[in-house]
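Trainee: Could you take me through the ligand site in this one, slowly, and then through the empty spaces elsewhere? I'd like to know what sits around each of them.

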Amino acid sequence: MQISTEANGEYLQMRVVGRLDNEWSAHLSKALDEAIRNGSHSIIMDLTEVEYLSSAGIGALVRAHKQFQAIHGFFGIGTAAPQVSEVIRLTGLSKMLLIDPAKLPKAAPRFQSTVMPEFRFAAFGGMLFEVYDIEPKATLTAQLIGNPDRLARSTYGSPQCHPYAFPENSFGLGQGAFGSDFADCANRFGEFLAVGGSAAQLPTNGTGKPDYQRGTGDFVPTVQMLYGLRCEGNFALQHRFEPHDPTEKITFSKLVEQSLNLSKSNLAGMVFLAETAGLVGASLRRSPAVADEGSTDKFAHPEVRRWLSFSPERVYPHSLALIVGVAARGAPTQQDRLASLLRPLSPQSVISGHFHAAVFSYRPFKKRKLNLEETVTTLFESEDLQGVLHLLHDDRPIIGCGESEFVRGACWISPVATVQQEGA
Amino acid sequence: MLELENIAKTFHAGTPNEVRALRGVSLKIEPGSFVIVIGTNGSGKSTLLNAVAGSFIVDTGRLKLKGHEITRWPEHRRAQFIGRVFQNPFSGTAPSMTIAENLALAAKRGRARGLGWALGSSVKTDLYERVRAMGLGLEDRLDNAIGSLSGGQRQSLTLLMAGLLKPDLLLLDEHTAALDPKSADQVIRLTEEMIRRDKLTTMMVTHSMHQAANLGDRLIMMVQGRVLHDFQGAEKQRLSPEDLLARFEEVRCSEQLDETASEMLSRQYV
Ligand SMILES: Nc1ncnc2c1ncn2[C@@H]1O[C@H](COP(=O)(O)OP(=O)(O)OP(=O)(O)O)[C@@H](O)[C@H]1O
Ligand SMILES: [Mg+2]
């Protein structure tokens, strides 16, 4: 089932597509509650695309009618599929629920409905979404920076290191460090992410403590980057997500896939702020800029133990993750400029991506539409950044611990329109 | 004071039970420094202390103590410089002998190297004073058999005996592990006082992250017979018990990183 809303003069038009049965009636009630809380006092339902209306669905409609009566609002069904009108007629509820189309304009009381943020409800893949438009036509320009393929077998040197600034309208991730130049950063290069005018990094000099830069006043976070991705532009939309069944967790690959669907594109930049059930990821332990004889392949066993920190179980449960990355539909091809950065999100998924997460201790954040910069700033101001890691899917049969899982959260998305390449 | 140069020790070499307990440890410990040694079970902490004390001769590498090349010295010869306290409160003492006799015995060992202990009444007075200073009320029980004391009391006395001679090097191996929390605190307090007062060069093995974070001016963490971390100075001072636990967690994770994980990471990690 999908629910979308549209402000139509003084009414809110709410359109339901799919089955309105026991499984989905609670979801409809929730959408209606949400509309009331958002200030809508007049709602006209469009049920022309409802395939089936069950008693539970009727119950939800009757409840809504009473609710709107209580606040002296207005609620009714404007248009409905024939089988739906028929059910309502048979149950003797026509008078209460069906609006005579001829009377429609006058039937609405002259309530000044307060500003109603445009949002849509959507449900698929076992998830419920509230979708908010931010700047529907917005797109991103992505830059691939440096050469990720060097990591396994070579050392990065000063020629591979360049500073990149991350003001509020940009985000990025990769291997980098905070510092004045290459030499200053040489033994600290590691995972970083930047978003909303702040940046977080995990130094590899053995302290194990993540570091961060928060943009304030004229100060803009700057990262000395070895390789990675930088995106610039505005977000097209935001969604809030939660599982349809509250006892279920949302897997990361599904979340990304549905977010990509919502963005209606095949390549998009995404930022998530999510309550974690557990993260699966790895991070560098040593700087790839420090020469190290005797290691030809950093990923070979047991060399990998010195280079990567990976926990074969989910980490950081009940935390708040700020996740930044890109996702693409379909296996990346040779011509794909971002291919070297993308990996399949799960063996079954047609989506590939690259995401870094910064972890904070859990705190609730407000419902509905969130401002990204404000939210990110509040997080970094709390000074409890716990870690930074590269998310991955431990797809080993039996012993693998799978992928990251989430309880609920928010996501900002924008399609990537242009991909540029800088200094290989 | 103490210099270890790439020392290694393998037990049961060439048999199915082969254990590479020390795999090349190098350390230079300055006089007066108080080194905490931590590490998982079997990581080689006790073996390291035993190698220094001379419980066995190392397979390879060299040891230097107070300027002497002691690599080939037997245990008893090194004992003139070294005081030891083990985990078990019943080792290092003769249970049927009295407290006074045990202490006198410890003192006498010192006399052999000319540290001026006569066994006359002045010694008794001195012992009395030292035992009283421990604040355990044992000074009135000097004539009781040492076997009649509680573990905590005994461990305190053993510590006193080990420190009596102001050894050049004090080796403590989980010497509070068998004690109840209150006794452990007491023995730790005594340990700290003694080390500070006599400026003893010390290596102390502990599993208590609290002790490890709060005591000492240097900390080494052993993993599989090697020194993985060596924190000194300000770096040591700012370590919290949580930081240390995080280090153990890292080790645990890295030990779980097997071939299948490395294959998975090489596919997935960018
Ligand atoms: N005398 C010995 N004979 C055979 N194996 C030994 C001997 N002493 C130690 N080992 C082995 O060497 C390894 C290191 O032991 P060691 O006692 O040094 O560990 P440890 O770090 O002190 O551990 P714990 O925290 O349990 O005291 C272990 O696998 C142990 O079984
Ligand atoms: Mg031991």
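Mentor: Here is a walk from the ligand out to the strands beside it, and then on to the pocket, the cavity and a few backbone oddities. Keep in mind that this is a predicted model.

Let's start with ligand 1. Its shell has 14 residues, and the closest are B:G42, B:K45, B:S46, B:T47 and B:H207. Two of those closest residues also turn up in the polar contacts. B:T47 puts a polar side-chain atom 2.5 Å from an oxygen atom of the ligand, while B:G42 uses its backbone, with an N or O atom 2.7 Å from a ligand oxygen. Then there's B:E174, where a side-chain N or O atom is 3.2 Å from an oxygen atom of ligand 1. As for how much of the ligand is covered, the protein takes 64% of the 630 Å² of accessible area that ligand 1 has on its own. Two elements of chain B, β2 (19-29) and α1 (45-53), give two or more residues each to that shell. Of the elements, α1(B) gives the most, with three residues. By class, the shell has nine polar residues, three nonpolar and two charged.

Now follow β2(B) away from the ligand. This strand belongs to an open sheet of four strands in chain B, ordered β2-β1-β4-β5 with antiparallel pairing. Both β2 and β5 (68-69) of chain B are edge strands with a single partner each, so one side of each has no neighbour in the sheet. So the strand that helps to line the ligand site is also an edge strand with a single partner. For β2(B), the antiparallel pairing with β1 (residues 2-11) of chain B runs over eight bridges. If you want a landmark along that pair, look for B:K9, which stands opposite B:L22 in β2(B). When you look along strands like these, remember that in a regular strand the side chains alternate between the two faces of the sheet.

Next, the open space. The largest pocket holds about 1,700 Å³, and 47 residues line it. Closest to its centre are A:R285, A:S309, B:A246, B:E250 and B:V251, so you'll want both chains on screen here. On the chain A side, β17 (281-284), α8 (303-307), β18 (308-310) and β22 each supply at least two lining residues, and on the chain B side β10 (226-232) and α9 (241-256) do too. The largest share comes from α9(B), with ten residues. The class split is 18 nonpolar, 16 polar and 13 charged.

Stay with β10(B) for a moment. This strand pairs with β9 (residues 218-223) of chain B in the antiparallel sense, over six bridges, and the two form a hairpin with two residues between them. B:V223 has B:R226 in β10(B) as its bridge partner. In the turn, B:Q224 has a positive phi of about 45°.

Back on the chain A side of the pocket, there's a cis peptide to look at. The bond from A:H301 to A:P302 is the cis one, with omega near 0°. A:P302 is in the loop between β17 and α8 of chain A, and both of those elements help to line the pocket. The loop between β18 and β19 (319-329) of chain A holds another backbone oddity, A:Y316. This residue has a positive phi of about 50° although it is not a glycine.

That leaves the enclosed space. Searching the whole structure turns up one cavity of 30 Å³ or more, with a volume of about 130 Å³. It is lined by 14 residues, and A:P344, A:L345, A:L391, A:L392 and A:H393 lie nearest its centre. The elements with two or more residues in the lining are β20 (343-344), β21 (351-361) and β22 (385-391) of chain A. Among these, β21(A) gives the most, three residues. The lining divides into six nonpolar, six polar and two charged residues. One strand links the two spaces in this tour: β22(A) contributes to the lining of the pocket and to that of the cavity.

Notes:
Residues numbered from 1 in each chain as written. Chains lettered and ligands numbered in written order. Predicted model: local features only at pLDDT ≥ 70, side-chain atom pairs only at ≥ 80, totals over all residues. Heavy atoms only, no water. Near = heavy atom within 4 Å. Polar contact = N/O pair within 3.5 Å; in protein donor to acceptor, adjacent residues only side chain to side chain. Areas by Shrake-Rupley, 256 points an atom, 1.4 Å probe, with all protein chains shown as cover. Nonpolar A, V, L, I, M, F, W, Y, C, P; charged D, E, K, R; others polar. 1 Å grid on protein atoms, 1.4 Å probe; cavity = no way out; pocket = protein on both sides within 12 Å on 5 of 7 lines; lining within 4 Å. Points joined across faces, edges and corners; volume = space filled by probe spheres on them. Pairing = 2+ DSSP bridges.
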